[in-house]
Each structure stands twice: as C-alpha cells, then as structure tokens.
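Please describe this protein from its strands and helices down to individual side chains, with the criteria behind each term stated where the term is used.

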Amino acid sequence: ILQLHSNSDKGDGSVKYILTGEGAGTIFIIDDTTGDIHSTKSLDREQKTHYVLHAQAIDRRTNKPLEPESEFIIKVQDINDNAPKFTDGPYIVTVPEMSEMGTSVLQVTATDADDPTYGNSARVVYSILQGQPYFSVDPKTGVIRTALHNMDREAREHYSVVIQAKDMAGQVGGLSGSTTVNITLTDVNDNPPRFPQKHYQLYVPESAQVGSAVGKIKANDADTGSNADMKYTIINGDGSGVFSISTDKETREGILSLKKPLNYEKKKSYTLNIEGANTHLDFRFSHLGPFKDVTMLKIIVGDVDEPPLFTMPSYVMEVYENAKIGTPVGTVTAHDPDAANSLVRYFIDHNTEEDRYFTIDASTGTIKTAKIFDREETPWYNITVAASEIDNPGLVSHVPVGVRILDVNDNPPELARDYDVVVCENTKPGQVIQTITATDKDNSANGARFHFSLDEGLSLNPNFTLRNNEDNTASILTRRRRYSRTTQDIYYLPVLISDGGVPPLSSSSTLTIRVCACERDGRVRTCHAEAFLSSAGLSTGALIAILLCIVILLAIVVLFITLRRSKKEPLIISEEDVRENVVTYDDEGGGEEDTEAFDITALRNPSAAEELKYRRDVRPEVKPLSRHHPSSSLDSIDVQEFIKQRLAEADLDPSVPPYDSLQTYAYEGHRSEAGSISSLDSATTHSDQDYNYLGDWGPEFKKLAELYGEIEPERTT
C-alpha cells in the first residue's frame, strides 16, 4: 500500500527501514530493505477510520538514524458493506379510528454505519412492503400516515405494516433492512346504542316486594370502554310511577325495580317507554346520531293468592287497670284482598308472656282481657295478632297491637323518703326545720296534687306545727323557743297526706324529730348518743373495738415520743456539771491529771484574766501570746473576747493533745436592766375583754367558749 525511500539509500542494502505506531507489526508490516509497507488484514472503516504511523531510516551497521523520524496517516476508504438497521423495531402504535387521510401515525428511523460523507453508501430511502392501501410512508423522513378515509375500528382493528429502508438512495445493488409496525385503531364514539327489539314483554307477580329487581333490559353499542356507557330512563308510560330503572355500570344493563306494590285486582298491566342513551358524546360524529334509542316494555301483573290485609298497619288500644277478666279492649279487622274474598280467622301469636294476658275472638277479631292488670307494675303491653284465610291457612299476615293500661286511683300518697328531722336546742319559734314532699304510684291525673295536714283527731301539738306550701311540699315549723336534750331528745309528729284523685286517697306518716346541740350557723354539733348509734347502725361491740384501737394507737404514740426525748438528753445533766471541764478522748485518759489541763477559775472570776495560765502537767515550749493586761481594763473585760483568746492559744499550743476536745465554759452575766416580764406579780382583777371570739377557734375551744359565755352575762348582771 505504500513504499518508503530515503535519499541516503544507494541500493546497497546499508539502509534499514523501521515502522512504528498504530497497527505496526500486526496490521502493517514493512520490508526493512526496500521500504515497502503491506497490510496483513482486511480493514473495516466502521471499526477504525485511520491509523497514525512513524517511519525512520537507520544505518544497518551502526543503527544510527540517517534521517529524522517521519509521521504519516493511513485513511481507510469506505465501501457499502453495511445495510440500514431499525434499532427500535418492531413498533406498536395506535391511531384513532375515523381519522382523516394523511394523519401521522409514526416516524421510523433506520441507521447506516457506512460513511455518509462518501458516496451514497449511507443515503437511506424508505418504502412500504406491506400495509397498502391503508397506510403510506414518506421515502425521505420515514413518517407513516393513514392512506384511507374513515377507517372503522368495528370493521377492522389491527394492522401489520412492514417498512423497508434501502441505502445507495434506493439504487440497484444497495443494501436494505426492514421492520414491522403493528398499528391498532382506537375506539371513538361513532356508534349509537340500539335495542335489539322495539317491543318487550315482562311478567311480574303481584307479590313482588317493593324495591326488588323485577327485570333487565339492554341496548347494544358497538363501541367499547366509556364510549359504550349509557343511561336508561323511563320517558313515559302509565307505569312510570310504579317502576323505576337504573343502570348497571359493569354489564351496561337497565335494572327494572318496583317502586310501589302491585295489585292484580286493581291493575293487570303497565306500559313503559324506556330510552337508552350514551353518556359520553363526541360532537365530531354527531351527524351519525342520534346516540340514543327507545323501546316499549309491557309489564303483565300476575295474580297471586295473597294473605289477609289488615285495615291498619298497627293498632293502639286502652283498658283500665283492675278491669274484670273478659273486658273488651278493641277490635282488629282484616280482609282477603283477592277476588275470592275468603273468610278470615284471627288468633294471637303466643310468643311472649305478654300475649297470654289477652284473648281474641277468631271470627270478629275482638280482643279481651285474660288477667287483671296493675298499671303500676306494667303500664303497656305489646301483642301480635295474626290473620289467615279459612280456605288457605298457610297464608298468614301479622299486625302489632299496643295496649295502654289506664290509671285508676288505687294507691295512697306517701312520704318521698325517710326524713331525719333535727331541731336545735336554741331554735326560735316559727323556724322551718324541714321541708317534706310526697310521692304517689298513680299517674298525674290521680296523684299529682298533694295536701299535707296534722291529724285533726289529736290535740294541738305545743312543740311543732305544719304548713302546707300548696306546691306538693310542706314545711315543719317550731312552736316554742328552746328545746333540751336532757328533758326530751325525740319528738314524734303524725302527718296526714291526701292526693287529688277521684276518689281522693290519704295516708298517715309519723316524722321522728331529734333534739341536737348546734353551732351558731345551725350546723349540728352533737345529738343524743342513742340517736347517733341508731343512725350510724353500729353495735356496742363495734364501738368497743373502735375505742380499743384508739387507746392502743395513743399508747404507741406516747411511747415513741418518750423514746425520742430520752435519746436527745444533753451530755451535761446537772447545773453543777456546767462549771466542770469535759474533755473527751478516744483512748484511755490519764486519770485526775486530765481535769487539771484547763483552769476554769478565769471564767468564775474575770479578774483572773490578767494572767494567762498553762497546763500544769506539761511544760510549755512556746511563750504565751500575752503576759499582762493593764489594770484599768480588768473590770471591763469581755468574756467573749476572753474565750476567743483561749481558743487561739489552744490552736497554737503544741503541748495540747493532738485530737479534738470539748471545752465547756459557763458564765453568768450581770442582771438585766429590763426587769422581770413574769406574770406572777400581775394584778388579779377581772379583764373587760370580749371572749366571743373563742367560738371561732374550732371545736377544741367550744367548752371554754361556753364557760366564758356564761360568765359574761353574770358579770353584766
């Protein structure tokens, strides 16, 4: 492919040619004598377009270069050896049906690995091999378009189109490649719904339940998906008020339901006009409409032997309590709705205990009492009456019957509760001590109005009286000023209560009134012991047990306090020990010598502070801090300052014991100029102080308040 030649080459073989670079020695080899370069392999431009090589001529004997190294490039020239390829194929694409001719479907692209800059090796032309006359392809751009008007999905939905790409601009000898494009027509709403028939007939028995589905109807639509959705309506007909229609979205069927009960004896047939219309319209295809259809449905009502029919859906009856057995309560009525009009028989379903309180006449339907009723126990009864045809006992209908028990004034009034009436010892006349109310088991018509009074057969009560408040309550009032527990602690007051029924009933009750000691604000402080025991409901044994527990707890508390005090006794007990020097060591002391370690006479006589003394059992090794004080300051020596000096000497004296010690000093000062504040010498005259405030100190000072409260009136007198 190439020959190298150096000017230094004389043809005698003294020049050696060397080749280096890309492919040297593998793809390209050189004759080192002649300089001819040969290729050893077939070259592919699509793998490598050029090679860079370096050549040099050297002296064969000395291996020295004869000329500088030269660089040259070998370019690979392209030939048409690669066919066009569709890298993304095969293709799947959709296009709406009824599209205009020339509607773009898809653009396909083929690639050619040959050199597009050299010749026509990479110039591609597109053509359609399969899919005509429905589709076409642009030869240059590869855009696929529809080739027919109004392609109908309902006629054909899927198309397989084969596209070819050929290089060399489509000339003879060019290479080609092909791909498949699968085209599917998508649905549009271009088909209106249609009923298969214009007239339908449906049989519905008159026993059909209201709200139940009695039939189905369906209009066909060639479209799919939402384009086939439709809605059914009843547009007219004599049965539009009796029947209704709804749409099943899954099956696209019209469900016919019953709105009102059917009666064969009144109407034997109905006619309905039913319309089915699309819900999603495409106005581009409105010229293909209308997108709805109408059919006529005739409904035949079937005759069914029905059970008896009561004149009312339910009954409410009334009867007085205490009525005799066999008293009529009311009558129920039923009839056969069929044309035969069979006779009806009545009976009570004895499913509950309440049904056994009544009987019914099988022919007339009259209900009577079977027991005597008490309204205060059960004011209302619920029973179920059944009716069946004599000719067909299997057909039974039921009706609920409620029986209200009317009230009779047969219960006298009585106190609403057991009252615990208390009167204070210091109560004033005319004071209300209790308000009472009454109850009556009868209803408001026979017992809502109560009248309270004292028993007129008894003499006038000097202690208490009763006032009727005219509001179904009464007040208990006192008639005198003071009451005494010691004289009488319990009073009994008979009270007569009558109601407003017809005839009126009355009853007598006795109130128990206890006398108690009260606070100034009226709160009860204490009552008679027997009254408290009875109200609390405690036995004598229980009280003894409670008192015994209290005594044991007090003994434990006293013992605990005693032990606490014994542990806290001071180290120096007697007054005499205060003046002694107490020194505590952890080891055994030196006996009487320890008591002479400190001289206490200085505290007993401050005048002795003029001379500091040291321990007599050891010899001091340091000089004292101070020798003498002036004689003029002896009388004014401060004991606190003296103790501070002794403390400093003890801290600096190396001869003292090397452990902590306790030194106790006692010094009595001069008499205070303030004098005595003792009350022993105070006057013994009575004070004019007001002791009424003792009553506010609590229950612990009540007895003291009573004593000073009694002394005060005597002193005033």
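## A four-stranded sheet

In this predicted model, four strands form an open sheet in the order β30-β32-β35-β34, and their pairing is antiparallel. Its edge strands, each paired on one side only, are β30 (414-415) and β34 (464-468). Within the sheet, strand β32 (residues 432-439) and strand β35 (residues 473-478) are joined in the antiparallel sense over five bridges, and Val432 stands opposite Leu477 in β35. Two strands are said to pair if DSSP finds at least two bridges between them, while the strands themselves (E, at least two residues) and the helices (H or I, at least four) are DSSP runs numbered from the N terminus.

Residues are numbered from 1 along each chain as its sequence is written. Because the model is predicted, local features need pLDDT of at least 70 and side-chain atom pairs count only at pLDDT 80 or more, whereas totals for chains, interfaces and linings use all residues; side-chain values use heavy atoms, with hydrogens and water left out.

## The protein as a whole

The protein has six helices and 38 strands. Of its 717 residues, 33% count as buried, where buried means under 20% relative accessible area, exposed means over 50% and partly exposed lies in between (1.4 Å probe, protein chains only). Among contacts (heavy atoms within 4.5 Å) between residues at least 6 apart in sequence, 66% join residues at least 24 apart.

## The largest nonpolar core

In soluble globular proteins, nonpolar side chains tend to be buried together. A nonpolar core is here a set of buried Ala, Val, Leu, Ile, Met, Phe, Trp, Tyr and Cys residues joined through side-chain atoms within 4.5 Å. The largest such core has 23 residues, of which Phe310, Val332, Phe358, Ile367, Val385 and Val401 touch the most other members. The elements giving two or more residues to this core are β22 (315-320), β25 (344-348), β26 (358-360), β28 (380-389) and β29 (396-406). Not counting residues up to four places away in sequence, Ile367 touches twelve-membered surroundings that need not be listed in full, among them Met317, Val332, Phe358, Ile383, Val385 and Val401.Strand β25 has alternating side chains: Val344, Tyr346 and Ile348 point to one face and are buried, while Arg345 and Phe347 point to the other and are not. β25 pairs with β28 in the antiparallel sense over five bridges, and the bridge partner of Tyr346 in β28 is Ala387.

## Individual residues

Ser397 lies in strand β29 and is buried, with a relative accessible area of 13%. Leaving out residues up to four places away in sequence, Ser397 touches Pro307, Pro308, Leu309, Phe310, Val385, Ala386 and Ala387. Thr369, in strand β27 (residues 366-369), is also buried, with a relative accessible area of 2%, and its contacts beyond four places in sequence include Val319, Lys324, Tyr357 and Phe358.

Tyr17 lies in strand β2 (residues 15-21) and counts as buried at 4% relative accessibility. The C-alpha atoms of Tyr17 and Thr33 are separated by 6.4 Å, although these residues are 16 apart along the chain. Beyond its neighbours within four places in sequence, Tyr17 is in contact with residues including Leu4, Ser6, Ile30, Thr33 and Gln56.

Arg194, by contrast, is partly exposed, with a relative accessible area of 37%, and is placed in the loop between β13 (176-186) and β14 (199-205). Arg194 and Val294 are 100 residues apart in sequence and 8.1 Å apart in space, C-alpha to C-alpha. Apart from its neighbours within four places in sequence, Arg194 is in contact with Ala219, Asn220, Pro290, Lys292 and Asp293.

The table gives a polar contact for three of these side chains; such a contact is a pair of N or O atoms within 3.5 Å, of which, within protein, one must be able to donate a hydrogen and the other to accept it, and residues adjacent in sequence count only if both atoms are side-chain atoms.

| Side chain (polar atom) | Backbone partner | Distance |
|---|---|---|
| Ser397 | oxygen of Pro308 | 2.6 Å |
| Arg194 | oxygen of Lys292 | 3.5 Å |
| Tyr17 | nitrogen of Ser6 | 3.0 Å |

## Helix α5

In α5, Val639, Phe642, Arg646 and Glu649 are buried. These residues are on the same side of α5 because they cover an arc of only 80° around the axis, the arc being that of the directions from the helix axis to the C-beta atoms. The face turned away from this buried side carries the exposed residues Gln640, Leu647, Asp651 and Leu652. With 14 residues (639-652), α5 should span 20 Å at 1.5 Å a residue, and its end C-alpha atoms are 20 Å apart, which agrees; the expected span is 1.5 Å times one less than the number of residues.
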